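Grab a pencil and open the viewer. Here are a few exercises, each with a solution worked out step by step.

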Amino acid sequence: MNYSVLSSLVLLNVLFFNVQCLRNKIDLINAHVTTHNYEILCFCEHWMSQFEVESLLINDFEIADFYSRSKYKNGGTLLLVKKTYKLY
């Protein structure tokens, strides 16, 4: 086993959630991330518009990237990263 490779690994806690409408679960998500040590949050099926996603506030997280449908309802993906990590 190559221990030099293992010593350079960074372990991240990731939450992946098929949320099926994030807007009515924001308080639940905020409470959950406050009690767990996640660095990355991934949501699919957030069902939000671009404006709603850009206005979203999740405790100590910032938007890394997202996709919102413009023609059809539902769908969408959202990736948030803890603010302690630098986004480029």
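**Exercise 1: the salt bridge**

Counting through this predicted model turns up one salt bridge. Find the two partners and say which parts of the chain they link.

Solution.
- Step 1: Look at Glu-52 and Arg-23, whose closest N and O atoms are 2.9 Å apart. With a cut-off of 4 Å, that pair qualifies as a salt bridge.
- Step 2: Place the partners. Glu-52 sits in helix α3 (residues 50-54), while Arg-23 is in the loop between β1 (14-18) and α2. They are 29 residues apart, so the pair links distant parts of the chain.
- Step 3: Check exposure. Glu-52 is partly exposed, at 27% relative accessibility, and Arg-23 is also partly exposed, at 39%.

**Exercise 2: a buried acid**

Track down Glu-39 and work out what surrounds its side chain.

Solution.
- Step 1: Go to the loop between α2 (26-35) and β2 (40-44); Glu-39 is there.
- Step 2: Try to pair its charge. Glu-39 is buried but has no salt bridge. Lys-82 has the nearest side chain of opposite charge, and that is 5.8 Å away. The cut-off is 4 Å, so this pair doesn't make the list.
- Step 3: Look for a polar partner instead. A polar atom of the Glu-39 side chain lies 2.5 Å from the backbone nitrogen of Asn-13.
- Step 4: List the contacts, skipping neighbours within four places in sequence. Glu-39 touches Leu-12, Asn-13, Phe-61, Leu-80, Val-81, Lys-82 and Tyr-85.

**Exercise 3: cysteines**

How many disulfides are there, and how far is the sulfur of Cys-44 from the closest cysteine sulfur?

Solution.
- Step 1: Recall the chemistry. A disulfide is a covalent bond between the sulfur atoms of two cysteines.
- Step 2: Start from Cys-44. The closest cysteine sulfur belongs to Cys-42, and because it is 9.1 Å away, it is too far for a bond.
- Step 3: Take the total: the count is zero disulfides.
- Step 4: Add the accessibility. Cys-44 is buried at 17%, and Cys-21 is buried at 10%.

**Exercise 4: the nonpolar core**

Which residues of the largest nonpolar core touch the most other members?

Solution.
- Step 1: Pick them out of the 15 residues in this core: Leu-22, Leu-41, Phe-43 and Ile-58.
- Step 2: Ask where the core comes from. The elements giving it two or more residues are α2, β2 and β4 (77-82).
- Step 3: Zoom in on Leu-22. Beyond its neighbours within four places in sequence, Leu-22 is in contact with Ile-29, Phe-43, His-46, Met-48, Leu-56 and Leu-78.

Conventions. Residues are numbered from 1 along each chain as its sequence is written. This is a predicted model: local features need pLDDT of at least 70, side-chain atom pairs count only at pLDDT 80 or more; totals for chains, interfaces and linings use all residues. Side-chain values use heavy atoms; hydrogens and water are left out. Helices (H or I, at least four residues) and strands (E, at least two) are DSSP runs, numbered from the N terminus. Buried means under 20% relative accessible area, exposed over 50%, partly exposed in between (1.4 Å probe, protein chains only). Lys and Arg count as positive and Asp and Glu as negative; His and the chain ends are not counted. A polar contact is a pair of N or O atoms within 3.5 Å; within protein, one must be able to donate a hydrogen and the other to accept it, and residues adjacent in sequence count only if both atoms are side-chain atoms. Contact means heavy atoms within 4.5 Å. A nonpolar core is a set of buried Ala, Val, Leu, Ile, Met, Phe, Trp, Tyr and Cys residues joined through side-chain atoms within 4.5 Å. A disulfide is a pair of cysteine sulfur atoms within 2.5 Å.
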